[in-house]
Amino acid sequence: MTEVKQLHEVGGLMSCLFTHEVQKSTGKFEWTGPKMRWETWRQVLAFFRWTNTEHHSESQVRFFVNHKLGLWAAHAFPQEARTGMSARELDTPEAAAQRARFSDTEGWLYWGTAHHHCSGGAFQSSTDLNNERNQDGLHITVGNMDRDVHDLHCRMYVSG
């Protein structure tokens, strides 16, 4: 049996070893980076609840991780709320200034997104798939924002 091994690593955060056989492949994923703090996740959910209540629209945040500091950050860049399950980040001077706060020279690595599907369930839509597949990191969709208990759908992408 022929095997091909592929190792994908992001220094200080994770390693993923893929072993490919002729007809199948298996992967072993191990997260070695910092855990997201509960308060960071609570802030994300509070922002989502607010945008759902006030704008009746999806919204999104971007995740950054800094393994040197052992921190995650979630940031909502300026965005345009649309009706329903759609939001778009704006390319403005303010957004550029905000992005500069997460400099890779300071150890920050862009590492995923989170967004919500308003009162709908959590799932990866075809739009989500197209947006996420070429962005390394954790991608989370939160559903049922109008309920006390939300639903989650999570994906991890590394090198597509």
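How many of the 7 residues of strand 9 are buried? In this predicted model, the strand is mostly covered, with 6 of the 7 in the buried class.

The pairing partners of strand 9 were examined next. Strand 8 (109–116) runs parallel to strand 9, and 5 bridges join the two. Within this pairing, His-115 is placed opposite Thr-141 of strand 9. Strand 9 (137–143) and strand 10 (151–157) pair in the antiparallel sense, through 7 bridges. Here Leu-138 has Met-156 of strand 10 opposite to it. Strand 9 also takes part in a right-handed β-α-β unit, together with strand 8 and helix 3, the latter formed by residues 126–132.

Helix 1 comprises 18 residues, from 38 to 55. At 1.5 Å a residue, a span of 26 Å is expected for this helix, and the distance of 25 Å between its end C-alpha atoms agrees with that value. The residue that follows helix 1 is His-56, which has a positive phi, near 50 degrees.

The two sides of helix 1 differ in their exposure to the surroundings of the chain. Buried positions in this helix are Thr-40, Trp-41, Val-44, Leu-45, Phe-48, Thr-51 and Asn-52. Because these buried residues fall within an arc of 135 degrees when seen down the helix axis, they line one face of helix 1. On the face turned away from the buried side, the exposed residues are Trp-38, Glu-39, Gln-43 and Thr-53. The buried residues of helix 1 pack against five strands, namely strand 4 (60–66), strand 5 (71–75), strand 8, strand 9 and strand 10.

The largest nonpolar core of the model contains 18 residues. Among these, the members that touch the most others are Met-14, Trp-41, Val-44, Phe-48, Phe-63, Ala-114 and Val-142. At least two residues of this core come from each of strand 2 (14–21), helix 1, strand 4, strand 8 and strand 9. The greatest contribution is that of helix 1, which supplies 4 residues. The surroundings of Val-44 were also determined: when neighbours within four places in sequence are left aside, Val-44 is in contact with Val-61, Phe-63, Ala-74 and Ala-114. A second core, separate from the largest one, consists of 5 residues, including Phe-64, Ala-73, Phe-77 and Trp-108.

Definitions and conventions. Residues numbered from 1 in each chain as written. Predicted model: local features only at pLDDT ≥ 70, side-chain atom pairs only at ≥ 80, totals over all residues. Heavy atoms only, no water. Expected span 1.5 Å × (residues − 1). Buried < 20%, exposed > 50% of the residue type's maximum accessible area, 1.4 Å probe, protein only. Arc of directions from axis to C-beta. Contact = heavy atoms within 4.5 Å. Core = buried A, V, L, I, M, F, W, Y, C linked by side-chain atoms within 4.5 Å. Pairing = 2+ DSSP bridges. Right-handed = clockwise from strand over helix to strand, strands pointing away.
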